[in-house]
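Welcome! Take a moment to look over the sequence and the 3D view, and then we can walk through a few features together.

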Amino acid sequence: MAKTKTTYTGQDITDFINSYVDNEQKKTDSYQLIDLLKKWSDSEPKMWGPSIIGFGNYHYKYASGHEGDAPVLAFSPRKAALTLYVYSDTEKSKTLLTDLGKFKMSKACIYVKKLADINTDILREICIESIKYISEHHECSCRVKN
């Protein structure tokens, strides 16, 4: 079985942002996201893999037998967009997306060009819903914050 690449690395987050992010707006947004996700998750930020900033952790196990650990909430300041790993596929989350703002979506990732394009109050609700979902379905360090 393949080894998971997205694991806790211990890399310094400030060093990562300063060396990886070459756009000042994306740097500002990254530090703002760190503050928000830290507050909402009640967890300190940590580097996962080479470019993901994660908050909290949980253990997952699929029916296939594949298992591992992942951050509860996370983001990556990629060149094309900020990639937000904060979404759980629940009815409430689907409803909240309608008011989030300007973004693109894959199965589990939300992509935004800049934080000003989205409603951070709605993002908070999506994050809270995701924390709730993960805490109900996995062993995790998370707890729902109101």
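Which residue in β5 is the bridge partner of Gly 54? Ala 74 is that partner. Keep in mind as you read that this is a predicted model.

## The sheet

The bridge just named belongs with the pairing of strand β2 (residues 52-55) and strand β5 (residues 73-77), which run antiparallel to each other over 3 bridges. Both strands are part of an open sheet of 6 strands, paired in the antiparallel sense. If you trace across this sheet, the order is β1-β2-β5-β6-β8-β7. At its edges you will find β1 (45-48) and β7 (104-105), each of which pairs on one side only.

Helix α2 (residues 24-41) packs on the sheet, where the strands it touches are β1, β2, β5 and β6 (82-85). Compare directions and you will see that α2 makes about 175° with β5.

## An aromatic pair in a helix

Now for the rings. Searching the whole structure turns up 2 aromatic pairs. One of them joins Phe 16 and Tyr 20, which are stacked, with 4.8 Å from centre to centre and 25° between the planes.

Where do these two residues sit? Both are in helix α1 (residues 13-20), and they are 4 residues apart, about one turn of the helix.

Is Phe 16 buried or exposed? Phe 16 counts as buried because its relative accessible area is 1%, under the 20% cut-off. Tyr 20, with a relative accessible area of 39%, is partly exposed.

Technical notes: Residues are numbered from 1 along each chain as its sequence is written. This is a predicted model: local features need pLDDT of at least 70, side-chain atom pairs count only at pLDDT 80 or more; totals for chains, interfaces and linings use all residues. Side-chain values use heavy atoms; hydrogens and water are left out. Rings of Phe, Tyr and Trp (its six-membered ring) pair if their centres lie within 6.5 Å; planes under 30 degrees apart count as stacked, over 60 as edge-to-face and the rest as tilted. Helices (H or I, at least four residues) and strands (E, at least two) are DSSP runs, numbered from the N terminus. Buried means under 20% relative accessible area, exposed over 50%, partly exposed in between (1.4 Å probe, protein chains only). Two strands pair if DSSP finds at least two bridges between them. Contact means heavy atoms within 4.5 Å. Axes are lines fitted to C-alpha atoms, for helices over the stretch in contact, and angles run from 0 to 180 degrees between N-to-C directions.
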